[in-house]
Each structure stands twice: as C-alpha cells, then as structure tokens.
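This report describes how the parts of one protein chain are arranged. It starts with the chain as a whole and then turns to its helices and single residues.

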Amino acid sequence: MFTKYGKCRIERGKKKVEFWGVKNDNPLPNVNKQYKIGRNEDNDIKIKRPEISGHHCTITIISQHVIVLEDNQSTNGTFVNGVRIKRSLITLQDEVMLAKLKVKFDKIFEKQGPKQAPAKLAENQAQSINYSVEFEQLKTVYETYRSAKVAAMGSGSLKQKGIQAALSFIPFVGSALGILASSTVNPQEKLFALSEEFKINYVCPKCKRFLGDLPWQNLANQKKCVACKAEWVKEV
C-alpha cells in the first residue's frame, strides 16, 4: 500500500502497521505540517482496514523526536499507551493504537535516540579518553535549552548569540528553534518537546548517559564522566 511519502505495511494477524520508505537524509517535508491518516484516498497515509475511520487521525511532527497526535472523532478511537486520547504529544517510545491496530512511527523520520553504553568496558577501554571538543558543544545545548524554556512561556526570546553558527553542528539548536516557531502547540507542549530533545542531546559524548539538569559549568568542574570515565575537560 503506497502513500505520498512512503509505503504502508500491515502485518497480517499481528494487527500492526509500520511506515517506512523515507530516507534518513530526506525526512518528511515541512516539519509542523499536518499529515492525515485514515481509510479515504485523500489522506497522506492511507490504511485500508474497516476499523479505521475515513479520516481517523492527524499527526504533526514538531521536532525530531516528538509528534502531536490528534484523533479526528474516529469511530473506534486513537490510543496512546492504552488510553484513548483526543490530542497527545508522543515520542517514539509510546505505543499507539488506531482502533485495535498497532502503529509504529519510528521509521517515519530518522530516529537518533541515545545509544546505550556497553554493560562493562574492557580494562583498556575504561581508561580516561578525552572528549573535550564534544563536551564543549554541550555548553551551547544547555544554554539554548534554558533560553528556549523562557521563550516558550512567552517571557523572553531565544538568545541569538552563536545560534546561526551552532545550527550546522549542534542538532538540538535547530530542534529548539523549530519547536518555538511551531504554531500548532501551546506553551506547555513546547516545554515537553524541548525537554524530550534536551534529554537526547545533553548526554555524555562517550557513553550517551543523560546528564540531568546540572548546569554545564558544574559538569565541567567534574572534568570527567562518573560512569565511563571519559575526560571532558583536558588537563592543562
């Protein structure tokens, strides 16, 4: 079954539908544009099953890892983690059901979640390794996040210093700008989306462990990761 943006596959008996066909370097166009899902031919993503309504639901991609899912008064409902919803922000970890059909959105655009660190590093790998350049970039991630949270609540604007230069090599900066520019989500939803993107990007450069809400300077004072021992600040 083909759609405007890829293929739609239904696994018979398993009641699961998966979307794919979008190349990693060519995600769905126009982030913040709405994409209709349903049984009718005028939908962007068509699912030809009797339990799916003609215009069942709508998704809006507001960032690389957050989607707005809205039910269009469907007959059999739209569910997120077992709860019937009218509107919900979802991440790629949430379980989505259209009626009794399980839907996976993880292939609809590039998924770049944090990689899990090995359970146990070999002795020669456990030694301190310098990641000072990558760690320095986290300063921009942290400062952008703080500024973006204030801007999302309408109490200020995103600090522009260094933003354009950072866009080319720090994905979180572009995500933050896109979330703030979205007209389809309210301030609380913007805060949720910013938080999700922050959790994925504010991580140890080596082991990808989320560093929490600790200010970057506090982490710099630690000089190395407490988990993998990667060196963040090069000793002079």
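Half of the medium- and long-separation picture can be put in one figure: among contacts in the protein chain with a separation of 6 or more, residues 24 or more positions apart account for 50%. The model is a predicted one. Its protein chain has 236 residues, of which 44% count as buried. The secondary structure comes to five helices and 11 strands.

**Helix packing**

Two packed helices are described by the angle between their axes and the distance between the axes. The table gives these values for three pairs formed by α1 (residues 132–152), α3 (residues 171–181) and α4 (residues 187–201).

| Helix pair | Axis distance | Crossing angle |
|---|---|---|
| α1 and α3 | within 10 Å | roughly 5 degrees |
| α1 and α4 | within 10 Å | roughly 170 degrees |
| α3 and α4 | within 10 Å | roughly 175 degrees |

The axes of α1 and α3 cross at roughly 5 degrees. An angle under 35 degrees counts as roughly parallel, so α1 is roughly parallel to α3. On the α1 side the contact is made by Thr140, Val141, Thr144, Tyr145, Ala148, Ala151 and Ala152, and on the α3 side by Phe172, Val173, Ala176 and Leu180. Sorted by class, this contact of α1 with α3 holds nine nonpolar and two polar residues, with no charged ones.

For α1 and α4 the crossing angle is roughly 170 degrees. Angles over 145 degrees count as roughly antiparallel, and α1 is therefore roughly antiparallel to α4. Here α1 contributes Leu138, Val141, Tyr142, Tyr145, Ala148, Lys149 and Ala152, which meet Pro187, Lys190, Leu191, Leu194, Ser195, Phe198 and Asn201 of α4. The contact of α1 with α4 comprises 10 nonpolar, two polar and two charged residues.

The third pair, α3 and α4, crosses at roughly 175 degrees, so α3 is roughly antiparallel to α4. Pro171, Phe172, Ser175, Ala176, Ile179 and Leu180 of α3 meet Lys190, Ala193, Leu194, Glu197, Phe198 and Asn201 of α4. In this contact of α3 with α4, eight residues are nonpolar, two are polar and two are charged.

Which residues of α3 are buried? They are Phe172, Val173, Ser175, Ala176, Ile179 and Leu180. Viewed down the axis of α3, the buried residues fall within an arc of 165 degrees, so they line one face of the helix. Among them, Phe172, Val173, Ala176 and Leu180 take part in the contact with α1, while Phe172, Ser175, Ala176, Ile179 and Leu180 are part of the contact with α4.

**Pairs distant in sequence**

Ser183 lies in the loop between α3 and α4. With a relative accessible area of 74%, Ser183 is exposed. The C-alpha atoms of Ser183 and Ile62 are separated by 9.6 Å, although the two residues are 121 residues apart along the chain.

Glu136 belongs to helix α1 and is partly exposed, its relative accessible area being 43%. Between the C-alpha atoms of Glu136 and Val233, which are 97 residues apart along the chain, the separation is 8.4 Å.

**Cysteines**

A disulfide is a covalent bond between the sulfur atoms of two cysteines. How many disulfides does a search of the whole structure find? The result is zero. A pair of cysteine sulfur atoms has to lie within 2.5 Å to count. The cysteine sulfur closest to that of Cys207 is in Cys204, at 3.7 Å, which is too far for a bond. Likewise, the sulfur of Cys225 has its closest cysteine sulfur in Cys228, at 3.7 Å, again too far for a bond. Cys207 counts as buried at 10% relative accessibility, and Cys225 counts as buried at 1%.

**Backbone exceptions**

Most residues other than glycine have a negative phi, and most peptide bonds are trans. Gln73 is not a glycine, yet has a positive phi of about 55 degrees. Gln73 sits in the loop between β6 (66–71) and β7 (78–80) and counts as exposed at 77% relative accessibility. Lys229, also not a glycine, has a positive phi of about 70 degrees. Lys229 is located in the segment after α5 (216–222), where Lys229 counts as partly exposed at 40% relative accessibility.

Terms used
Residues numbered from 1 in each chain as written. Predicted model: local features only at pLDDT ≥ 70, side-chain atom pairs only at ≥ 80, totals over all residues. Heavy atoms only, no water. Buried < 20%, exposed > 50% of the residue type's maximum accessible area, 1.4 Å probe, protein only. Helix = DSSP H or I, 4+ residues; strand = E, 2+ residues; numbered from the N terminus. Arc of directions from axis to C-beta. Axes fitted to C-alpha atoms, helices over the stretch in contact; angles between N-to-C directions. Parallel < 35°, antiparallel > 145°, perpendicular 65-115°, else oblique. Contact = heavy atoms within 4.5 Å. Nonpolar A, V, L, I, M, F, W, Y, C, P; charged D, E, K, R; others polar.
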